[in-house]
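User: I should like a close look at one part of this protein, namely a central strand and its surroundings. Please set out how that part is built and how it relates to the rest of the chain.

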Amino acid sequence: MRCGKEEIRRKSGCFEDRYHGIITMRYSACTCQGLRRKARLNDKYIAPSGLRPGRLFNLEAKILELGFIGAGKVGSALAVLLQRAGYSLVGVASRTNESARVLAERLNCPALPGKELAAKSEALFLTTSDDAIAPLTAELAREKAFHPGQLVLQMSGALSSQVLQPAAEMGAITLSLHPIQCFAGVEQAIALIPGTYFSIEGDARGYVLAEKMVEDIGGKHFLLDSKAKVLYHAAACVAGNYLVALLDTALSLLAEAGVPEEIRLPAFLPLVTGTLENVKKLGITKALTGPISRGDRGTVEKHLAAMENLPLLADIYQTLGLATVGIALKKGTINEEQAAALRSLLADHWNGIH
Ligand SMILES: NC(=O)c1ccc[n+]([C@@H]2O[C@H](COP(=O)([O-])OP(=O)(O)OC[C@H]3O[C@@H](n4cnc5c(N)ncnc54)[C@H](OP(=O)(O)O)[C@@H]3O)[C@@H](O)[C@H]2O)c1
């Protein structure tokens, strides 16, 4: 078993934790209560010792030996990109021999049994479907396949690093590393990952390495508190899945308006992409247009009347309308009085339905 952890005392009286030559923590000798307090080399976690934020990496990071269990879309794409970025691969494993073989051939590395792969990997990615992560981790722990100092990562948005607890109990540094993106296939994932944001959650000792890997494949990153993971995932569902549901709601209204099916999506897609471009260029508040933004109460009243027999669609219109009033107020295109009138119109109608 290899463990890349070492502690180094510097002349300045500081201590550094290193993992395979990369500084992951810096400590200062602190007179306060005679304790040695920790300060991470990271903007967010710097503090007690007063050390300046900064990142010190060296190229030895790339001697990290990676393993992937789960040769699906995310696992395959990450493995390809990390290998391109100079990381070396111990091998890959998957539920079926066929998936493992296809990825192993592409990467020119061995397809190994999960236990052997886990034992040999310095950073082990569990890129299976979400439901398989807990049983797989438990099984690998029973087989004593994890080792101290090993980095073990899973990629789920919904699950925190807690799901890797059996690995943590064996001394592994456990993280969830979630790409905020929708991947429909391996090639698309390879193309989309550069520029994608990754949330990093879990054992702080692994942050620097995870950040470095994300940066090496062109991604961006931020740290997430374990307790916030569920809300964070709800936010991602609203932005991704509910955007689809919202578009479907708009198309249902178009159908009610008698617009032929083949026209509906093509007619609305330019509106949606144009709006997204505006959000990108101007930010949320400035991108808002429409009747609520103008304080046009009469138009909103007509919309609601037209949806009288469409309770579910009216419900969505009103709930989002109430949220839109807040944005218009922030934009400054309506005043408090107009906002109150719009809110009461939207809420009254809502109360009438429920
Ligand atoms: N796709 C996305 O848009 C997306 C975005 C962000 C995060 N994620 C996360 O990324 C992870 C992987 O998702 P994905 O989209 O890549 O899924 P996927 O394409 O369905 O791939 C999952 C892979 O896991 C393998 N697998 C399942 N159970 C296994 C087990 N017990 N042991 C070993 N391998 C097993 C399957 O192997 P076989 O092929 O051999 O059957 C499959 O190739 C998930 O945690 C997901 O939440 C996905």
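Analyst: In this predicted model, a suitable point of entry is L66, which touches L82, Y87, L89, V90, S121, A123 and F125 when residues up to four places away in sequence are left out. L66 is also among the residues with the most contacts inside the largest nonpolar core, a group of 57 residues. The others named for that core are A79, V92, F125, V152, L153 and A210. Separate from this core is a second one of 13 residues, which includes Y317, A328, I334 and L346.

Two of the contacts of L66, A123 and F125, lead to strand β7, which covers residues 123-126. In a regular strand, side chains alternate between the two faces of the sheet. Strand β7 shows such an arrangement: A123 and F125 point one way, L124 and L126 point the other way, and all are buried.

Strand β7 has a parallel partner in β5 (residues 65-69), to which four bridges join it. Within this pairing, L66 has A123 as its bridge partner. Strand β7 is also joined to β8 by four bridges, and these two strands run parallel as well. Here A123 stands opposite L151 of β8. From β7 the chain passes through α4 to β8, and this β-α-β crossover is right-handed.

On the β8 side, L151 deserves separate attention. L151 lies in strand β8 and has 27 other C-beta atoms within 10 Å; because 20 or more are required for a residue to count as buried, L151 is buried. Leaving out residues up to four places away in sequence, L151 touches E122, A123, I173, G206 and L209. In addition, the C-alpha atoms of L151 and R205 are 9.3 Å apart, although the two residues are separated by 54 positions in sequence.

The connection between α4 (130-142) and β8 (151-154) contains a residue of note, K144, which is located in the loop between them. K144 has a positive phi of about 55° although it is not a glycine. With 12 C-beta neighbours inside 10 Å, K144 counts as exposed, because the limit for that class is 12 or fewer. A comparable backbone feature is found at N108, a residue other than glycine whose phi is near 55°. N108 is placed in the loop between α2 (97-107) and α3 (114-120), and N108 is exposed, with 8 other C-beta atoms within 10 Å.

Helix α4 also has a part in the surroundings of the ligand. The shell around the ligand consists of 25 residues, of which the closest are G70, G72, V74, S99 and A132. Two or more residues of this shell come from each of α1 (73-84), α4 and β9 (173-179). By class, the shell comprises nine nonpolar, 13 polar and three charged residues.

For the wider setting, the protein chain has 14 helices and 11 strands. Of its 354 residues, 32% are buried. Among contacts between residues at least 6 apart in sequence, 56% join residues at least 24 apart.

Technical notes. Residues numbered from 1 in each chain as written. Predicted model: local features only at pLDDT ≥ 70, side-chain atom pairs only at ≥ 80, totals over all residues. Near = placed C-beta within 6 Å. Nonpolar A, V, L, I, M, F, W, Y, C, P; charged D, E, K, R; others polar. Pairing = 2+ DSSP bridges. Right-handed = clockwise from strand over helix to strand, strands pointing away. Core = buried A, V, L, I, M, F, W, Y, C linked by C-beta atoms within 7 Å. Contact = placed C-beta atoms within 7 Å.
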